[in-house]
Amino acid sequence: MDELQKAKLFASKRAQAERNVKSHIKDILSSLAKDITDASAGISLVSSEAMFRDMLAARTKGVVEDATEKIDAYVKAYSKASITILGDKDTGATGRLLNSLLFGKTYKERNDFYMKCFLDDVVKIIIAGKRLKMRQKDIEKAVDAQYEDPYTNGIIDRANSKGANITIPSYGRGIYHSAYSNIVRNAQGTNSMAWGRENRIIASRSGAIGFRTFRNSTYPCPICDDSAAVELHPMDDPVPPLHLNCVCGCVFIYDKGE
Ligand SMILES: [Zn+2]
């Protein structure tokens, strides 16, 4: 296998790892959403919404923690898979990456926060259902259909149009409303950073002086086109993935004199 073939294989395995991370998270959160809904069955919303939330949070503390741990374990395992794929030994760099700060927070701090938001998203769908006087079975169906994107055309909108006053969270610019999307993006982003970094570490160690990137899809993307147009990137330039769901690869260049 030549360098380009190897790089293509690595990029496709990296993309596969990202898809796998997402599919595991989807399974975990779908089952967590169901557990939260089940736990809400006997709790009345009549007296106070705050009390309803507190009781539900207390009842679901254990399942939320379990789900959080499972997601962390998958992110760690898939991030470390890059080491095995490249035939390296674990130097601890990937573990350190997971514990390092990015824009002020670690991967786990972000995930913990978004998992709390996920509970909040599901609780809001349940509250909407209860406000609309839906039967428990129908609330279950609504949660299952809407936990990934609760604030667009779902029963929260419907309940709000009837005066329920359920707030839509805002986390700041460029961040999704839906906790599900934020959890997936945080996990996939961490995974792809780990793969990119491992790739670069090994190449640096073997004496690479720079790299070229190449596109692996015909999807129009100016970021990836610009990167692929550069003849020789210095080693400290960003290696692919250059953005979420980027499938580009890179070939390292070694000094000809060696
Ligand atoms: Zn790309």
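**Helix packing and domain layout in a predicted model**

The axes of helices α1 and α4 approach to within 10 Å of each other and cross at roughly 50°. That angle makes α1 oblique to α4. The crossing in which α1 passes α4 is right-handed. On the α1 side, the residues involved are Leu29, Ala33, Ile36, Thr37 and Ser40, and they meet Phe118, Leu119, Val122 and Ile126 of α4. Sorted by class, this contact holds seven nonpolar and two polar residues, with no charged residues. The model described here is a predicted one, and the paragraphs below set this helix pair within the chain as a whole.

It helps to begin with the overall layout. The chain contains eight helices and two strands. Read from the N terminus, the elements follow the order α-α-α-α-α-α-α-β-α-β. Taken along the principal axes, the C-alpha atoms fill a box of roughly 80 × 35 × 30 Å. Of the 258 residues in the chain, 33% are buried. Where residues at least 6 apart in sequence are in contact, 75% of those contacts join residues at least 24 apart.

The chain is divided into two parts, domain 1 covering residues 3-187 and domain 2 covering residues 207-258. Their centres, taken over C-alpha atoms, are separated by 32 Å. Contact between the domains involves nine residues of domain 1 and nine residues of domain 2. On the side of domain 1 that touches domain 2, helix α1 (residues 3-40) gives the most, with eight residues. That side of domain 1 is made up of five nonpolar and four charged residues, with no polar ones.

Helix α1 also packs against α7 (179-205). Here the angle is about 150° and the axes lie 10 Å apart. The two helices are therefore roughly antiparallel to each other, and their crossing is right-handed. From α1, the contact draws on Phe10, Arg14, Ala17, Glu18, Val21, Lys22, Ile25 and Leu29. These residues meet Tyr180, Ile183, Val184, Ala187, Gln188, Asn191, Ser192, Trp195 and Asn199 in α7. By class, the contact of α1 with α7 comprises ten nonpolar, four polar and three charged residues. Leu29 of α1 thus appears in the contact with α7 and in the contact with α4.

A further packing pair is formed by α2 (residues 49-85) and α4 (residues 107-131), at an angle of about 140° and with axes 9 Å apart. This angle makes α2 oblique to α4. Once again the crossing is right-handed, as α2 passes α4. The α2 residues taking part are Glu49, Arg53, Leu56, Ala57, Thr60, Val64, Ala67, Thr68, Ile71, Asp72 and Val75. Their partners in α4 are Tyr107, Lys108, Asn111, Asp112, Met115, Leu119, Val123 and Ile127. The residues of this contact divide into eleven nonpolar, three polar and five charged. Leu119 of α4 takes part in the contact with α2 as well as in the one with α1.

Lysine 13 offers a closer look at a single position in helix α1. This lysine counts as partly exposed because 15 C-beta neighbours lie inside 10 Å. Lysine 13 and serine 82 are 69 residues apart in sequence, yet their C-alpha atoms are 8.5 Å apart in space.

Several loop residues deserve a look for their backbone geometry. Most residues other than glycine have a negative phi, and most peptide bonds are trans. Lysine 133, in the loop between α4 and α5 (136-146), has a positive phi near 60°. With 7 other C-beta atoms within 10 Å, lysine 133 is exposed. Asparagine 165 likewise has a positive phi, of about 65°, and lies in the loop between α6 (155-161) and α7. Asparagine 165 counts as exposed, with 9 C-beta neighbours inside 10 Å. Further along the chain, the peptide bond from proline 240 to proline 241 is cis, with omega near 5°. Proline 241 sits in the loop between α8 (222-229) and β2 (249-254).

Technical notes:
Residues are numbered from 1 along each chain as its sequence is written. This is a predicted model: local features need pLDDT of at least 70, side-chain atom pairs count only at pLDDT 80 or more; totals for chains, interfaces and linings use all residues. Axes are lines fitted to C-alpha atoms, for helices over the stretch in contact, and angles run from 0 to 180 degrees between N-to-C directions. Helices (H or I, at least four residues) and strands (E, at least two) are DSSP runs, numbered from the N terminus. Angles under 35 degrees count as roughly parallel, over 145 as roughly antiparallel, 65 to 115 as roughly perpendicular and the rest as oblique. A crossing is left-handed if the near helix is turned anticlockwise from the far one by less than a right angle, and right-handed if clockwise. Two residues are in contact if their C-beta atoms, placed from the backbone, lie within 7 Å. Ala, Val, Leu, Ile, Met, Phe, Trp, Tyr, Cys and Pro count as nonpolar, Asp, Glu, Lys and Arg as charged, and the others, Gly among them, as polar. Domain bounds come from an automatic or database domain assignment. A residue is buried if 20 or more other C-beta atoms lie within 10 Å of its own, exposed if 12 or fewer, and partly exposed in between; C-beta atoms are placed from the backbone.
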